[in-house]
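Thanks for coming. I will put the structure up and go through it region by region.

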Amino acid sequence: MKAFPNSEVWFVTGSQHLYGEETLQQVAEHSVIIADALNLSSQISIKVTFKPVVKTTEEIYNLCQQANQNPNCIGIITWMHTFSPAKMWINGLKILQKPLLHLHTQFNSAIPWDTIDMDFMNLNQSAHGDREFGFMVSRMKMNRKVVAGHWETSEVHRQIDIWVRAAMAWQDWQGAKFARFGDNMRNVAVTEGDKVEAELKLGFAVNTFAVGDLVQYINAVTDAEVIDLMAEYEKEYILDTALQVNGARRNSLKDAAKIELGMRRFLKEGGFKGFSNTFEDLHGMKQLPGIATQRLMAEGYGYAGEGDWKTAALVRAMKTMGTGLSGGSAFMEDYTYHYEGDGGMVLGAHMLEVDPVLAADQPRCEIHPLGIGGKEDPVRLVFTGKPGPAINASLVDMGNRFRLVVNAVEGVEVPHKLPKLPVARVMWKPLPDMNTGCAGWIYAGGAHHTCYSQSLSAEHLSDFASIAGLENIIIDQSSTLHQIKNEIRWNELYYQFFK
Ligand code: MN
């Protein structure tokens, strides 16, 4: 079973009429074999559909038009088995709106030394056919992914899947709706941004909804629904004594369950893929949603706090990219540092809203006071994250473009129990090292809000940025501050001219 069972990518082979019917027949047979192999690969999380070999300007144009219009087609993979003069591709590529992957491969892995003749050479000429095609895509300044290597190798399949996942997230953003309850947290800069530009460039809409309208949904929740949900809490989490049946704070758990049910219904009815809210605007709600938001994130909704719709959308995209992979992608905030010992590390958390997809063990369901917001004590899930390689990603609005900042990090075991800390927490070491990672992030203008992912790598985000036309700064093992600063400076110039 594919992770994305309702979608497909099209495998498109380019050729021309010059070689005669027999050669074209062989081209088609070989293309079917490659498309089938990719389709059957356990490494590729989507169906790969063979499309008849294209040989003329008209066929290419029609193919691109069909790809644009087919809602299940999330991208096309192109390959030139023979030469395919690339002026034939101009009209098609000009209208292509779906992501493009150029697979630079060859049917034969080895040269048949004893039998090779000019017929073989004419059939197996991807080495120059793909260069001709590549020139045109570069000439047209189109973003695409180039995967080079023999089609049977696992490395080629791995790279194709990374692009597939990025293309799925892109498809998911197109026409997506995000709800914003209340506005931005007052005076905060990095969570602001141009929502019109986001819809224009990135395809998703962000609109505001009155908290009072959400409260109506919460108030309409029935007691029976609340009882069922509390039973689920009891089964899935370790409940504080005070929250158990006959516990002193049982009513707070009821209120929390009611908030969750109301929010879920609101989001479902409106067809939303994510949301944001702010503790400064909770009129009519008894608690800041803690467990509600945590569980909605774990279900796949994008979320970020304090009106941060950009991070909410990014969390949703990264959750989509990670479908079926182990680990999770979660809203996160760089909270506090530990400079002692082995190079230093970051403790990440949020006031309440840390996604339980990161939990190493069964979460505890607890209630504690919250110093801000002026509401009743909120119920939240408390847990500790897993160690292992991860990334932090942040989407910021630079005024004339959106920038995606990515830092590869190493998640570490939280070394102490933290008995007084009433929130879920994760710890990591930024790469290439604590101070370079942090300074690079600050130079790049990365936010304190991120999406922390243990299922994705910087490669997924790089492919996604390319498809989405986002500026992408990656800080990883190989980064130096000198290079990061130069990249930022040079990008500044690039985006003055090209965006
Ligand atoms: Mn925050």
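Arg 364 stands opposite Val 382 in strand 14. The model is predicted, so please keep that in mind throughout. The pair belongs to strand 13, residues 364-367, and strand 14, which are joined antiparallel by 4 bridges. Those two strands are part of an open sheet of 3 strands, ordered 8-13-14, and its pairing is mixed. At the edges are strand 8 (238-239) and strand 14 (379-382); each has a single partner strand, so one side of each has no neighbour in the sheet. Helix 10, residues 250-270, packs on this sheet and touches strand 8, strand 13 and strand 14. The direction of helix 10 makes about 85° with that of strand 14.

Now the other open sheet I want to show. In what order do its 5 strands run? The order is 2-1-3-4-5, and here the pairing is parallel. Strand 2 (47-54) and strand 5 (145-148) are the edge strands, and because each has a single partner strand, one side of each is left without a neighbour in the sheet. From one strand to the next, the twist averages 25°. Helix 2, residues 57-69, packs on the sheet and is in contact with strand 1 (8-14), strand 2 and strand 3 (73-80). The angle between the direction of helix 2 and that of strand 2 is about 155°. At the strand 5 edge, strand 4 (residues 100-104) and strand 5 run parallel and are joined by 4 bridges. His 102 is placed opposite Val 146 of strand 5.

Next, the metal. Which residues coordinate the manganese ion? They are Glu 306 and Glu 333 through OE, and His 350 and His 449 through NE2, at 2.1 to 2.2 Å. Along the chain, the spacing of these donors is E-x26-E-x16-H-x98-H. Glu 333 and His 449 link distant parts of the chain: Glu 333 is in strand 11 (residues 329-338), His 449 is in strand 18 (residues 449-453), and they are 116 residues apart.

Those two strands also pair with each other. Strand 11 and strand 18 run antiparallel, with 5 bridges between them. Ser 329 is opposite Ser 453 in strand 18. Strand 11 is also joined by 5 bridges to strand 12 (residues 345-349), again antiparallel. Glu 333, which we have just seen as a manganese donor, has Ala 349 as its bridge partner in strand 12. Strand 11 and strand 12 form a hairpin with 6 residues between the strands. In that hairpin, Gly 341 has a positive phi near 70°.

There are two further backbone details. The peptide bond between Leu 431 and Pro 432 is cis, with omega about 0°. Pro 432 sits in the loop between strand 17 (426-430) and helix 13 (434-443). Asn 187 has a phi near 70°, which is a positive value in a residue other than glycine. Asn 187 lies in the loop between strand 6 (177-181) and helix 7 (195-202).

That leaves the empty space. How many cavities of 30 Å³ or more does the structure hold? There are 2. The largest cavity has a volume of about 40 Å³. Its lining includes Phe 181, Val 211, Met 263 and Leu 282. By class, the lining of the largest cavity is 7 nonpolar, 1 polar and 1 charged.

The second largest cavity comes to about 30 Å³. Leu 282 lines this cavity too, having already appeared in the lining of the largest cavity. Among the other lining residues of the second largest cavity are Leu 370, Gly 373, Gly 374 and Lys 375. The lining of the second largest cavity divides into 5 nonpolar, 2 polar and 2 charged residues.

Finally, a pocket. The second largest pocket holds about 280 Å³ of space. It is lined by 13 residues, and Asp 361, Thr 384, Val 414, His 416 and Lys 417 lie nearest the centre. Of the lining residues of the second largest pocket, 4 are nonpolar, 4 polar and 5 charged.

That is the tour. I will take questions now.

Key: Residues are numbered from 1 along each chain as its sequence is written. This is a predicted model: local features need pLDDT of at least 70, side-chain atom pairs count only at pLDDT 80 or more; totals for chains, interfaces and linings use all residues. Side-chain values use heavy atoms; hydrogens and water are left out. On a 1 Å grid over the protein atoms alone, a cavity is a set of points where a 1.4 Å probe fits but cannot get out, and a pocket is an open set with protein on both sides within 12 Å along at least five of seven lines; lining residues have an atom within 4 Å of a point. Grid points are joined across faces, edges and corners, and a volume is the space filled by probe spheres set on the points. Ala, Val, Leu, Ile, Met, Phe, Trp, Tyr, Cys and Pro count as nonpolar, Asp, Glu, Lys and Arg as charged, and the others, Gly among them, as polar. Two strands pair if DSSP finds at least two bridges between them. Axes are lines fitted to C-alpha atoms, for helices over the stretch in contact, and angles run from 0 to 180 degrees between N-to-C directions. Contact means heavy atoms within 4.5 Å. Donors are N, O and S atoms within 2.8 Å of the metal (3.2 Å for Na, K and Ca); water is not among the atoms, so sites may look incomplete.
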